[in-house]
Amino acid sequence: MTMRRTMGVLALAACVAGLSAPARAEGTCRDPICTRNTAQYKGDKRWDWTVFIDPRSRDLTRIKCVEYTLHRTFPNPVRIVCEMGSVDRPFALSSNGWGTFEIKLRVLMKDGSFRDASHQLSFRR
C-alpha cells in the first residue's frame, strides 16, 4: 500500500466514529469536511436516521449553513440547516426511510464561499 493511500485510509478511519448510542455512526470525509450519520431500525423495514457534520471537522466554526439534497423521492428533497445545534451532531438533519442513498451537501461558509461534499447514508448496525 502506498504512503498516500495509507494516509487516506488512516484519515478515513479517524473520521468514522464508534458507537453512538443507540445507533452506530458511519462517516465519510471529503477534506476538510467530514460527515457522519446514525441510524436506528424502527421496524417494518424503516429507519430513523440523522446526518451531520463530523464535530472534528477542522472548518466547523466557519460553517454558516449546510444544504442537504436528499433522494428525489423525499418530499422537499433540498433542506437547509443553519443552526449548529448539538456539539456532538452539528448541523444535523434527521429523517426516516427504508433505503440508503447518497446525500449531496453544500456547506456554506461564513465568508460566502462553499464546499460541496456527499455522504453515503448507511444503516449498518
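# A tour from Ser118

Select Ser118 to begin: Ser118 is buried, with a relative accessible area of 7%. The cut-off for buried is under 20%, so Ser118 qualifies with its 7%. The model on screen is a predicted one. Ser118 belongs to strand β9. Now show side chains. Which side chain does that of Ser118 meet in a polar contact? The partner is the side chain of Glu102, at 3.3 Å.

**Stop 1: from Glu102 along β8**

Stay on Glu102. In β9, Glu102 has Gln120 as its bridge partner. Strands β8 and β9 run antiparallel and are joined by seven bridges. Follow the hairpin of β8 and β9 round its turn. Four residues lie between the two strands. Select Gly112 in this hairpin: its phi is positive, near 95 degrees.

Next, select β8, residues 102-109. In a regular strand, side chains alternate between the two faces of the sheet. Which side chains of β8 point to one face and are buried? They are Ile103, Leu105, Val107 and Met109. Glu102, Lys104, Arg106 and Leu108 point to the other face and are not buried. Colour the two sets separately to see the alternation.

**Stop 2: the four-stranded sheet**

Zoom out to the sheet around β8. This open sheet has four strands, in the order β6-β5-β8-β9, and the pairing is antiparallel. Select β6 (78-81) and β9 (114-120): these are the edge strands, and each pairs on one side only. From one strand to the next, the twist averages 20 degrees. Strands of a sheet pair through backbone hydrogen bonds.

Now pick out β5, residues 63-69. How many bridges pair β5 with β8? There are six, and the sense is antiparallel.

**Stop 3: Val66**

Select Val66. Across from Val66, in β8, stands Val107. Show the contacts of Val66, leaving out residues up to four places away in sequence. The list is Ile53, Arg79, Ile80, Val81, Phe91, Leu105, Arg106 and Val107.

Val66 also leads into the largest nonpolar core, which has 23 residues. Which core residues touch the most other members? Select Trp49, Ile53, Ile63, Val66, Tyr68, Phe91 and Ile103. Then colour the core by element. Two or more of its residues come from each of β3 (33-43), β4 (46-53), β5 and β8.

**Stop 4: Asn37**

Move to strand β3 and select Asn37. Is Asn37 buried or exposed? Asn37 is buried, because its relative accessible area is 0%, against a cut-off of under 20%.

Two polar partners can be shown here. The side chain of His119 makes a polar contact of 2.7 Å with the side chain of Asn37. A polar atom of the Asn37 side chain also lies 2.9 Å from the backbone oxygen of Ser122.

**Stop 5: the loop between β3 and β4**

Continue to the loop between β3 and β4, and select Asp44. Although Asp44 is not a glycine, it has a positive phi of about 55 degrees. Asp44 is exposed, with a relative accessible area of 72%.

Add Lys45, found in the loop between β3 and β4. Lys45 is not a glycine either, yet its phi is positive, at about 60 degrees. Lys45 counts as exposed because its relative accessible area is 66%, and the cut-off is over 50%.

**Last stop: the whole chain**

Show everything as a cartoon. How many helices and strands does the chain have? There are one helix and nine strands. From the N terminus on, the order is α-β-β-β-β-β-β-β-β-β.

Colour by burial. Of the 125 residues in the chain, 39% are buried. Then switch on the surface. The chain exposes about 7,600 Å², and carbon and sulfur atoms supply 54% of that area.

End with a contact map. Take the contacts between residues at least 6 apart in sequence: 49% of them join residues at least 24 apart.

Terms used
Residues numbered from 1 in each chain as written. Predicted model: local features only at pLDDT ≥ 70, side-chain atom pairs only at ≥ 80, totals over all residues. Heavy atoms only, no water. Pairing = 2+ DSSP bridges. Axes fitted to C-alpha atoms, helices over the stretch in contact; angles between N-to-C directions. Core = buried A, V, L, I, M, F, W, Y, C linked by side-chain atoms within 4.5 Å. Buried < 20%, exposed > 50% of the residue type's maximum accessible area, 1.4 Å probe, protein only. Contact = heavy atoms within 4.5 Å. Polar contact = N/O pair within 3.5 Å; in protein donor to acceptor, adjacent residues only side chain to side chain. Areas by Shrake-Rupley, 256 points an atom, 1.4 Å probe, with all protein chains shown as cover.
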